[in-house]
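Biologist: Please take a close look at one part of this chain for me, and then set that part within the whole.

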Amino acid sequence: MHLNLRVFAKLTILAILCLIPCTVRADLGPKPEISILCTNLPEKEVYVDLLVDYPPLEEGQGFRIEDKDLYNPYMFSILESYNVDGFRPALVTGTSAPLWGDIRCINNNSEAFMTFSYFGVPDRFKIIAVTEYGTVVVSNLVEKKAYQAYIVFDYAKALESLPSAYERSPLMSYVLQFLFTWVATLIIEGLILLLFKFSLRKNWKPFLIINTATQIALTLIIALIAYNAGTAMTLLIYIPVEIVIAVVEIIAFTIFLKEHGRLRRAIYAVTANAASFIVGIAILIFTFNLTP
């Protein structure tokens with residue numbers, strides 16, 4: 001019975017590695033992200049990028065789209081040469097920190113959903129859209145407040161030089177962020193709990209309470225710092241906060257888990273946190289490999 005349980009748990013972990021959406025980062029935690037709902041798009045091929053206003057990078061420096069052959073050369077060249085009032089396309093011309101995303105806009109009934117994520121996400125930006133006929137539209141300046149911001153961009157308004165981009169309330173972004181990381185952590189650490197032969201029936205309360213409390217704490221800290229000090233400061237304190245939270249979890253699990261000795265409880269807690277971290281890294285690598 002124990003052997004079957006171990007096999008089942010291992011297979012489930014492998015399935016999670018393959019199936020968890022890229023937005024779920026487990027205990028590795030959420031990364032800076034800009035999600036853009038593009039509306040009123042033309043019935044043409046459209047490329048969308050973020051415009052940033054920090055100095056251009058030297059050739060061969062930073063992170064940028066390398067394989068230009070995957071893109072329409074005319075549209076790509078327009079983006080590559082765009083520089084107005086110091087604003088230039090982030091993905092196409094490069095960022096000093098990794099920025100993951102794709103400029104190709106998948107148009108579905110005049111709407112598309114774009115995602116730009118990881119440490120190169122800017123706090124202030126404009127949105128640029130280029131069509132296959134060379135039409136270029138640029139949004140108003142957006143200064144995001146949420147660590148994982150949700151932006152609505154209206155192409156038709158941008159075409160008329162009207163304010164066309166705004167950030168939705170960050171509250172929902174943080175609620176979704178918490179739900180993703182909380183569910184992923186429960187799944188991964190719950191499977192590790194079973195592998196260590198702890199009874200879920202006897203330990204579900206401390207397991208649920210500890211994980212919920214630490215995920216709420218992490219989300220609140222990220223939200224407060226991101227809102228008041230921006231993404232850069234959030235990234236600066238992120239790893240120390242994660243370490244403190246991991247230590248708190250280890251102590252709490254050692255004290256409050258039932259069955260077995262404290263040493264085994266502590267080893268479980270360390271293993272569970274390490275597994276969550278490794279799964280998060282694997283998801284990020286998998287996501288990166290899928291990004292052109």
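**A helix and its nonpolar patch**

Modeller: Leu179 sits in helix α5, which covers residues 170-195; helices here are DSSP runs of H or I with at least four residues, strands are runs of E with at least two, and both are numbered from the N terminus. This is a predicted model, in which local features need pLDDT of at least 70 and side-chain atom pairs count only at pLDDT 80 or more, while totals for chains, interfaces and linings use all residues. Residues are numbered from 1 along each chain as its sequence is written, and side-chain values use heavy atoms, with hydrogens and water left out.

With a relative accessible area of 38%, Leu179 is partly exposed, a class between buried (under 20%) and exposed (over 50%), with a 1.4 Å probe and protein chains only. Leu179 joins Leu171, Met172, Val175, Leu176 and Phe180 in a nonpolar surface patch of about 540 Å². Such a patch takes residues with over 30% relative accessible area and no salt bridge, and links nonpolar side chains (Val, Leu, Ile, Met, Phe, Trp, Tyr) within 5 Å, or like charges within 9 Å; a salt bridge is a side-chain nitrogen of Lys or Arg within 4 Å of a carboxyl oxygen of Asp or Glu.

As for the whole, the chain has eight helices and nine strands, and buried residues make up 47% of its 292 residues. The chain exposes about 14700 Å², of which carbon and sulfur atoms supply 66%, by the Shrake-Rupley method with a 1.4 Å probe, where for residues only the protein chains shown count as cover.
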